[in-house]
Amino acid sequence: MNNTDRQMSQAMSVIREMSARIHLSKSIEDNAAKVFRDVLDSKALKGKNNEAQAAACLYIACRKEGVPRTFKEICAASRVSKKEIGRCFKLIIKSLETNLEQITSADFMSRFCGNLGLSHSIQAAATRIAKKAVELDLVAGRSPISIAAAAIYMASQASNEKKTAKEIGEIAGAAEVTVKQTYRLLHPRAKELFPEDFKFANGGIESLPLS
C-alpha cells in the first residue's frame with residue numbers, strides 16, 4: 001500500500017467513526033471521501049494533519065448535502081481542534097475552488113429545537129423571528145448560529161416552554177453571552193418578529209426579558 005492509499009484508508013476510517021458519532025448518512029460519508037480524494041490529488045494540504053483534513057471534508061460534505069453541522073459539532077466528534085479543522089477547511093475551499101451554499105439560521109432550527117425538546121410551534125416561531133430579523137437588518141455581522149440561538153431564546157421565553165440562554169448556547173455551540181447579545185438586538189423590535197398567530201404565555205410580549 002503506497003502513502004496515498006494509506007492516507008485515504010486512514011481518512012475513510014476517521015470519516016466513518018465521526019459520521020457514526022453524530023449520526024450522518026452514508027451519502028454524506030461518500031461525499032466526504034470524494035472531497036478527501038480530490039484534496040489528496042491536489043496535494044494542496046500536504047503535511048497537514050490527516051484527521052483534521054478528514055474532519056474538514058466531512059464538514060464540507062454536510063454543507064453540500066444541505067444538512068450543515070457547526071464546526072463545534074464536527075470538532076466534538078473528532079480528536080483535533082476547531083482551529084485546525086477551520087484552517088484545513090479554508091485551504092480545501094481555496095484549492096478545490098468549491099462553492100458552498102450560504103448557511104442560514106433556518107438550516108439549524110430543526111436540529112437545535114429538537115435537541116432542546118421544543119415543540120414545532122416554537123421552532124416555527126423561531127424560524128420566523130430569525131428570518132424577519134435578517135430582513136430588517138437587525139443582526140448584521142452575526143453568525144447564522146448566533147441568530148438561530150437568539151431567535152429560539154426569544155420564542156421559548158415568550159412561551160410556556162422556556163429555555164435559558166445557557167441551555168440553548170450549549171446545544172447551538174454558542175457562548176451564553178453571545179446568545180444574549182444577539183437577543184438584545186432583537187428585543188426592541190419583538191412585536192414585528194413574531195408570527196401573528198403565536199400563542200404567548202401569560203403576560204404576552206411585554207413579559208419578555210430584556211436580556
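1. Is Q102 buried or exposed? Q102 counts as exposed, because its relative accessibility is 69% and the cut-off for exposed is over 50%. Keep in mind that this is a predicted model.

2. Where does Q102 sit? The residue is in the loop between α5 and α6, and α6 covers 106–116. Its spatial relation to R63 deserves a look. Q102 and R63 are 39 residues apart in sequence. In space, their C-alpha atoms are 8.9 Å apart.

3. Next, the division of the chain. The domain assignment gives two entries: domain 1 spans 3–96 and domain 2 spans 106–193. Their C-alpha centres lie 29 Å apart.

4. How many residues of domain 1 are in contact with domain 2? Five are, and they meet seven residues of domain 2. The size of an interface is often given as the accessible area lost when the parts come together. Here domain 1 and domain 2 bury about 520 Å² between them. Carbon and sulfur atoms account for 55% of that area. On the domain 1 side, P68, T70 and K72 supply 69% of the area buried against domain 2. No other three residues supply as much.

5. Now the polar side of this interface. The rule finds one salt bridge across the interface of domain 1 and domain 2. E73 forms a salt bridge with R111, and the closest N and O atoms are 2.5 Å apart. Between the two domains, two residue pairs are in polar contact, both at pLDDT 80 or more. By class, the side of domain 1 that touches domain 2 has three charged residues, one polar and one nonpolar.

6. Turn to S78, in domain 1 by the assigned bounds of 3–96. S78 is found in the loop between α4 and α5. Those helices run over 71–76 and 82–96 respectively. Is S78 buried or exposed? S78 is buried, because its relative accessible area is 12% and the cut-off for buried is under 20%.

7. What surrounds S78? Leaving aside neighbours within four places in sequence, S78 is in contact with M18, R21, E51, A55 and I85. There is also a short-range partner to check. A polar atom of the S78 side chain lies 3.3 Å from the backbone nitrogen of V80.

8. To set the two loop residues side by side: S78 is buried at 12%, whereas Q102 is exposed at 69%. S78 belongs to the loop between α4 and α5, and Q102 to the loop between α5 and α6.

Terms used
Residues numbered from 1 in each chain as written. Predicted model: local features only at pLDDT ≥ 70, side-chain atom pairs only at ≥ 80, totals over all residues. Heavy atoms only, no water. Helix = DSSP H or I, 4+ residues; strand = E, 2+ residues; numbered from the N terminus. Buried < 20%, exposed > 50% of the residue type's maximum accessible area, 1.4 Å probe, protein only. Polar contact = N/O pair within 3.5 Å; in protein donor to acceptor, adjacent residues only side chain to side chain. Contact = heavy atoms within 4.5 Å. Domains from an automatic or database assignment. Buried area = accessible area lost by both parts, 1.4 Å probe. Salt bridge = Lys/Arg side-chain N within 4 Å of Asp/Glu carboxyl O. Nonpolar A, V, L, I, M, F, W, Y, C, P; charged D, E, K, R; others polar.
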